[in-house]
Amino acid sequence: MRNRILAAPVVPAPDPWRPVFEYEYGVPVGGLLGIGFATDPDTGHDLVMVVSHDGHGLFDAVTGEKIARDRDADPEDSSRDADPALWCPGLGPVAGSRVRIAGLFGGGLHSTAGDGWKLEVVAPAWPNERVLLSRDGGLPHSGPHGERWWHIFHSNYSELRAVGFSPSGQTIAVATSSDISLWTRRTDHGHAGSAAA
């Protein structure tokens, strides 16, 4: 199985998934620590909260638009009863709420979408981790690459921080220490490829 995974090239995610950003490795986010999901109360789109050394940013996971930014997170927020490394205050349309964060300090995102899609992180050539997307139980040993499973991301340049589906199952996020990549299966979209956190 290790040799099969090592031989599998990075390929685009299959239909109905499409990349949100135009760049091969998403958008740059220097010093990325973690990410989390929220839902836009007006559009119903998944939102991705990005936490970095330079503050917090909120992206629309369908259009890629950066819709809110806070370069100076309030230190008061870190004194609440929850672990400040695993949540942050919402911004923009989700201000007043808490967003759970997964990344450098722990936490986790959904590994399944609930309708047969699954994500796995494997490291057949440590420390370079690979993100595999599969459908209907198509783990790497049970079907051909490109038909039941896809190698969609190879973290060979930065440290992987978090990988997972949004709670809605409509978004895939891969965050490294230097960037974030998103895929969506929502059809009401437009591309925003130049946003940076």
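# Close-up views of a predicted model

**View 1. Gly34 and its partner across the strands.** Opposite Gly34 stands Val51 of β4. Please keep in mind throughout that this is a predicted model. The pair belongs to a wider pattern: strand β3, covering residues 32-39, and strand β4, covering residues 46-52, run antiparallel and are joined by 7 bridges. Zooming out a little, β3 and β4 take their places in an open sheet of 5 strands, ordered β6-β5-β4-β3-β9 and paired in the antiparallel sense. Which strands sit at the edges of this sheet? They are β6 (66-70) and β9 (102-103), each of which pairs on one side only.

**View 2. Strand β5 between its two neighbours.** On one side, β5 pairs with β4 in the antiparallel sense, over 6 bridges. Val48 has Phe59 of β5 as its bridge partner, and the hairpin that β4 and β5 form leaves 2 residues between them. On the β6 side, 4 bridges hold an antiparallel pairing with β5. Here Leu58 faces Ala68 of β6. The hairpin of β5 and β6 has 5 residues between the strands, and among them you can look for Gly64, where phi is positive, near 85°.

**View 3. The two faces of β5.** Are the residues of β5 buried or exposed? Gly55, Gly57 and Phe59 point one way, His56, Leu58 and Asp60 point the other way, and all are buried. Since 6 of the 6 residues in this strand (55-60) are buried, β5 is largely enclosed by the rest of the structure.

**View 4. Two cis peptide bonds, each leading into a proline.** The bond from Asp15 to Pro16 is cis, and its omega is near 10°. Pro16 belongs to the loop that links α1 (2-7) with β1 (18-19). For the other bond, look at the step from Trp126 to Pro127, which is cis with omega near 10°. Where does Pro127 lie? Its place is the loop between β10 (117-125) and β11 (128-135).

**View 5. Trp117 and its surroundings.** Trp117 is part of strand β10. This tryptophan counts as buried because its relative accessibility is 6%, which falls under the 20% cut-off. Apart from neighbours within four places in sequence, Trp117 is in contact with a stretch that includes Pro14, Asp15, Pro16 and Trp17. Its contacts also include Ser111 and Thr112, the run Leu133, Ser134 and Arg135, and then Trp150, Phe165 and Arg185. For a sense of the fold around this side chain, Trp117 and Phe165 are 48 residues apart in sequence, while their C-alpha atoms are 9.3 Å apart in space.

**View 6. Val122, further along β10.** Val122 also sits in strand β10. With a relative accessible area of 17%, Val122 is buried, because that value is under 20%. Which residues does Val122 contact, once neighbours within four places in sequence are left aside? They are Ile5, Asn128, Glu129, Arg130 and Leu132. From Val122 to Leu132 is 10 residues in sequence and 7.6 Å in space, C-alpha to C-alpha.

**View 7. Thr176 in β14.** You will find Thr176 in strand β14, which spans residues 171-176. Its relative accessibility is 0%, so Thr176 counts as buried. Leaving out residues up to four places away in sequence, Thr176 touches Leu32, Phe153 and Ser155, along with Tyr157, Ser158, Glu159, Leu160 and Arg161.

**View 8. The second largest pocket.** Its volume is about 260 Å³. A total of 17 residues line this pocket, and those closest to its centre are Val10, Glu24, Ile152, Phe153 and Trp183. Two or more lining residues come from each of β12 (149-155) and β15 (179-184). How do the residues of the lining divide by character? The split is 13 nonpolar, 3 polar and 1 charged.

**View 9. Stepping back to the whole protein.** The protein has 1 helix and 15 strands. Of its 197 residues, 49% count as buried. Among contacts with a separation of 6 or more, 54% are between residues 24 or more positions apart. The accessible surface is about 9,200 Å², and carbon and sulfur atoms account for 49% of that area.

Technical notes:
Residues numbered from 1 in each chain as written. Predicted model: local features only at pLDDT ≥ 70, side-chain atom pairs only at ≥ 80, totals over all residues. Heavy atoms only, no water. Pairing = 2+ DSSP bridges. Buried < 20%, exposed > 50% of the residue type's maximum accessible area, 1.4 Å probe, protein only. 1 Å grid on protein atoms, 1.4 Å probe; cavity = no way out; pocket = protein on both sides within 12 Å on 5 of 7 lines; lining within 4 Å. Points joined across faces, edges and corners; volume = space filled by probe spheres on them. Nonpolar A, V, L, I, M, F, W, Y, C, P; charged D, E, K, R; others polar. Contact = heavy atoms within 4.5 Å. Areas by Shrake-Rupley, 256 points an atom, 1.4 Å probe, with all protein chains shown as cover.
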